[in-house]
Amino acid sequence: MEQYRLSAPQRLDATVELPASKSISNRALIIYALSGGSHLPENLSDCDDTKVIIKALNEMPEEIDIKAAGTAMRFMTAYLSVTGGTHVLTGTERMKHRPIGILVDALRLLGADIQYVGEEGFPPLRINGKQLEGGLLEIPGNVSSQYISALLMIGPTLKKGLTLRLQGSIFSRPYIDLTLWTMREFGAEADWSAADTITVNPKPYQDRPYYIENDWSGASYWYEIMSLTQDQDAEIRLSGLMDGSKQGDSVTRYIFSLLGVKNKFETKKVGIPQTVTVAKNGRCVPKLEYDFINSPDLAQTFVVTCAAKGIPFHFKGLSTLKIKETDRIEALKTEMRKLGFVLKDANDSELIWDGERCEPDFEQGIDTYEDHRMALSIAPFACIHPGLIINNPQVVTKSYPHFWDDLRKAGFTIEKI
């Protein structure tokens, strides 16, 4: 087992070239392929999730292995349903236990030819692609937004387009809006036509050059570092972000303003990638209550930040954390106990820390559960505890492959054990 021992610098002054947005990259690639495009999107993410989509689209083998990439599994399921040929879509053992029945059922209602190779409701899938009719489709709004995005992106290719009605509560709405925005960037006519309904007209995508913004999820770990560093004069410059970004995780900067961090964009140009400078503002709330229903991937970051700063919290909207790369609720409870914090959960969708502590156990190291965000979110705790050990640190390649290199450039000491 590979292990890293981390220690933070006393003085923090860094410029960071963030990775490209995985969320936008994956959407833009599927739309590019559906457009029959000749202009591959620029500044594509070099993370594992994006690489498997690029490889699949380039090679289109009979069996497509998307490994541990949940986004790729959902998006490629829809893409292959409307693309000629027969393919088996598979992944890791964990992927074979991540549910996909809701998406398959929805695609079948649109006319898709999909069979389960193994267990009903789970990958692998055998997909026979063809032209689909489209029309009205109703699905629960509280499912993974990736299911909804996968359906929306194929909407322009359907004979009758797509009218998608979302029933009940709608989860992760910013990710749906990001999909619609990216679709419109490629000429699609797609938007909310009612509070619970999205209409996509049967108008082909346009082949066009496209540049991808950098990743606000990746930025969140540097905001966390800024919040936790002991250097009161610290400054971090983060490249390629947009003021007014459509990425749901851009809410990072607003939540961190409650946890002692301020930021400033270099210009007032909305919609153009630029550098944001992050520094301390010295003000923190005494307790943080937040509903992460629209940005669940940020939950781990704020669990670690708040606990490290001694700020009790009550976080809601975390139901999708149980079906991510690991059960993130249980993983956080286990690993935060190693750091000396006793978390409680409720209703399979809430995490609570009321200030209760326990004796830490730093010797075992922090386990990462084949989950990139466990490593990314807990690594900044090295600002509080020099010598923090991270087990299996290479899981970060799923979304932020050069994270450890960026930490070294910022002055962190990273020692292989």
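Here are some friendly questions and answers about this predicted model.

Q: In what order do the four strands of the open sheet stand?
A: Let us begin with the sheet. Its pairing is mixed, and the sheet is open. The order of its four strands is β2-β11-β13-β12.

Q: Which strands stand at the edges of this sheet, each with a single partner strand?
A: The sheet is open and runs in the order β2-β11-β13-β12. A strand with a single partner has one side left without a neighbour in the sheet, so we look for the strands at the edges. These are β2 (13-16) and β12 (259-265).

Q: How much does the sheet twist on average from one strand to the next?
A: The strands in question follow the order β2-β11-β13-β12. From each strand to the next, the average twist is 25°.

Q: Which residue in β13 is the bridge partner of isoleucine 236?
A: Strand β11 covers residues 235-241, and β13 covers residues 274-284. The two pair in the antiparallel sense over five bridges. Across from isoleucine 236, the bridge partner in β13 is valine 278.

Q: Which helix packs on the sheet?
A: Look for a helix that touches β2, β11, β12 and β13. Its direction makes about 170° with that of β11. The helix, made of residues 216-228, is α7.

Q: How many residues does the hairpin use to join β9 to β10?
A: Strand β9 (residues 190-194) pairs with β10 (residues 197-200) in the antiparallel sense, over four bridges. Within this pair, alanine 190 stands opposite valine 200. The number of residues through which the hairpin joins β9 to β10 is two.

Q: Is the peptide bond from proline 123 to proline 124 cis or trans?
A: Proline 124 sits in the loop between β5 (113-116) and β6 (125-129). For the bond that leads to it from proline 123, omega is near 5°. That bond is cis.

Q: Is lysine 67 buried or exposed?
A: You can find lysine 67 in the loop between β3 (63-65) and α3 (70-81). Although lysine 67 is not a glycine, its phi is positive, about 60°. Its relative accessibility is 52%, and the cut-off for this class is over 50%. Lysine 67 therefore counts as exposed.

Q: What does tyrosine 369 count as at 31% relative accessibility?
A: Tyrosine 369 belongs to the loop between β17 (350-353) and α11 (372-378). Here too is a residue that is not a glycine but has a positive phi of about 60°. Buried would need under 20% and exposed over 50%. At 31%, tyrosine 369 therefore counts as partly exposed.

Methods: Residues are numbered from 1 along each chain as its sequence is written. This is a predicted model: local features need pLDDT of at least 70, side-chain atom pairs count only at pLDDT 80 or more; totals for chains, interfaces and linings use all residues. Side-chain values use heavy atoms; hydrogens and water are left out. Two strands pair if DSSP finds at least two bridges between them. Axes are lines fitted to C-alpha atoms, for helices over the stretch in contact, and angles run from 0 to 180 degrees between N-to-C directions. Contact means heavy atoms within 4.5 Å. Buried means under 20% relative accessible area, exposed over 50%, partly exposed in between (1.4 Å probe, protein chains only).
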